[in-house]
Amino acid sequence: MEHRKYRLVLRNALLIPIDSSQESSFTANIHVSHSGHIVYIGPEVAHDGDADAVVDATGNWVLPGFISAHSHLWQSAFPGRACDESVNRWADDIYKHAAGLGADDFYELVRRGAQSHLEKGITTVFNFTYSPNFKDGKSDRAQFSGSIDAGIRFIHAFNIGAINKTWSVDQAVARTQKFLDWTAPYEETSQYLGTAVANHGVTYDDNKSIQAEAEIMGRFNLQGHLHYLESPLPDDIRFERSRWQWLKDAGLLNPRLILGHFVHPTAEMVSEAAMAGVRMSWNPLSNGRLGSGIVDTPAYLQKNLSIGLGVDGEASSDRCDPFENMRAGLYSVRGMYRNPKVLAPYDVLYMHTLGAARALGVENRVGSLTVGKFADMVLIEPPRSIRPGDPVSTVVLSAGIENVKEVFVGGVPISSKCCVPGRTSSEWSAWKF
């Protein structure tokens, strides 16, 4: 098939700005190249014959695809479980059921989870994977393939394994190298935005694992993302705070580290993290559902800590809904401060788009509707209003997934994506160490 000048032309949409260079909402036409990048935003109207597809968006609003800075796509089949438990007992329930799953199962769970994210307007995720038999590498590759086949952009995060008598640092390094070699061809797809370490070393009895995580992150220039200070239990808070020095000793307080949740730090820890360029994922739906606590986001922002919003897994937030997630964060913080001015609608919209992109280090590719970035867009029918107000506030306070008309990834509507035939475990042979 011969392509025309543009992959897509989106006409007459009210563009909701995220980038500071776009000061207010404006009606625009957006031209998308066949590489999936935005090549023009403005008043110029392309001829119908110049584009493979033309979408008349008159009366609709367009905003960047949402980004989840913290997701567990494999948890798509576990909503509603352990409904009145905090994070530790909740995790016992979820992982007990997941421990017996194979690579084929994880492939399907991740593909379904990614599709669920896309349908709700999330076009990029940081995806924590889970591999009960991590040594053979099959589930890692299966979950990677599930993300690819769903059509979502993603950062793939995996556990290097606990360093002990049966699993050495050299084996963990070799496993990481094998996985990175396997993923290298996918860099050309533009969906795969990188690999990261899912840090677990602070939970073990000695610091060997955290030192190994730091070594692997440094050697391969990988990011790391650590679930940290999520539990509200006093003993857990004391224990995890005591491991802050381990992070410092390992040299992990640097811009490659993302702290997930980070609900119960000391003020000094927040300051040290911000000064070191550490970033953070804030997961309001999950924190509320599990009773983990309310993040003092305004205090963190005053320290210039980079924060991105995440919808977490569908086992802890029960639905990967960015609209609900923004409101949960905004309302909980306003309620905690008893002050509606302490956090603005724009703040949470930013943190679920460009702010999340910056927290993940991919802001040059996604996060805002800007020339040169991928054309990842959410087209919405605005909520009805007698007198329309500020579009940003309206989106955050009133819009929901029922308002989503179409989601585009690289200018391609997800509604037009054909289903990819499911894969089987025969495609992921076990690695030996």
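In which sense do strand S10 and S11 pair, and over how many bridges? Keep that in mind as you click around, and remember that this is a predicted model.

**Stop one: the strands.** Select residues 223–228, which are strand S10, and then S11. You'll find S11 at residues 257–261. The two pair in the parallel sense, over 5 bridges. For one of the bridge pairs, pick glycine 224 and look across to leucine 257 in S11.

Now colour S11 by accessibility: 5 of its 5 residues are buried, so this strand is mostly covered.

**Stop two: on to S12.** Add residues 279–282, strand S12, which runs parallel to S11 and is joined to it by 3 bridges. Here, leucine 259 has methionine 280 in S12 as its bridge partner. To get from S11 to S12, follow the chain through helix H8, residues 267–276; this β-α-β crossover is right-handed.

**Stop three: threonine 353.** Jump to the loop between helix H12 (345–351) and helix H13 (354–360), where threonine 353 is found. Is threonine 353 buried or exposed? Threonine 353 counts as buried because its relative accessibility is 0%.

Show what surrounds this residue. Beyond neighbours within four places in sequence, threonine 353 is in contact with Ile18, Pro64, Gly65, Phe66, Ile67 and Gly367. Try a distance label too: the C-alpha atoms of threonine 353 and leucine 63 are 9.1 Å apart, although 290 residues separate them along the chain.

Last click: turn on the side chain of threonine 353, which reaches the backbone oxygen of leucine 349 at 2.7 Å.

Technical notes. Residues are numbered from 1 along each chain as its sequence is written. This is a predicted model: local features need pLDDT of at least 70, side-chain atom pairs count only at pLDDT 80 or more; totals for chains, interfaces and linings use all residues. Side-chain values use heavy atoms; hydrogens and water are left out. Helices (H or I, at least four residues) and strands (E, at least two) are DSSP runs, numbered from the N terminus. Buried means under 20% relative accessible area, exposed over 50%, partly exposed in between (1.4 Å probe, protein chains only). Contact means heavy atoms within 4.5 Å. A polar contact is a pair of N or O atoms within 3.5 Å; within protein, one must be able to donate a hydrogen and the other to accept it, and residues adjacent in sequence count only if both atoms are side-chain atoms. Two strands pair if DSSP finds at least two bridges between them. A crossover is right-handed if, with the strands pointing away from the viewer, the path from the first strand over the helix to the second runs clockwise.
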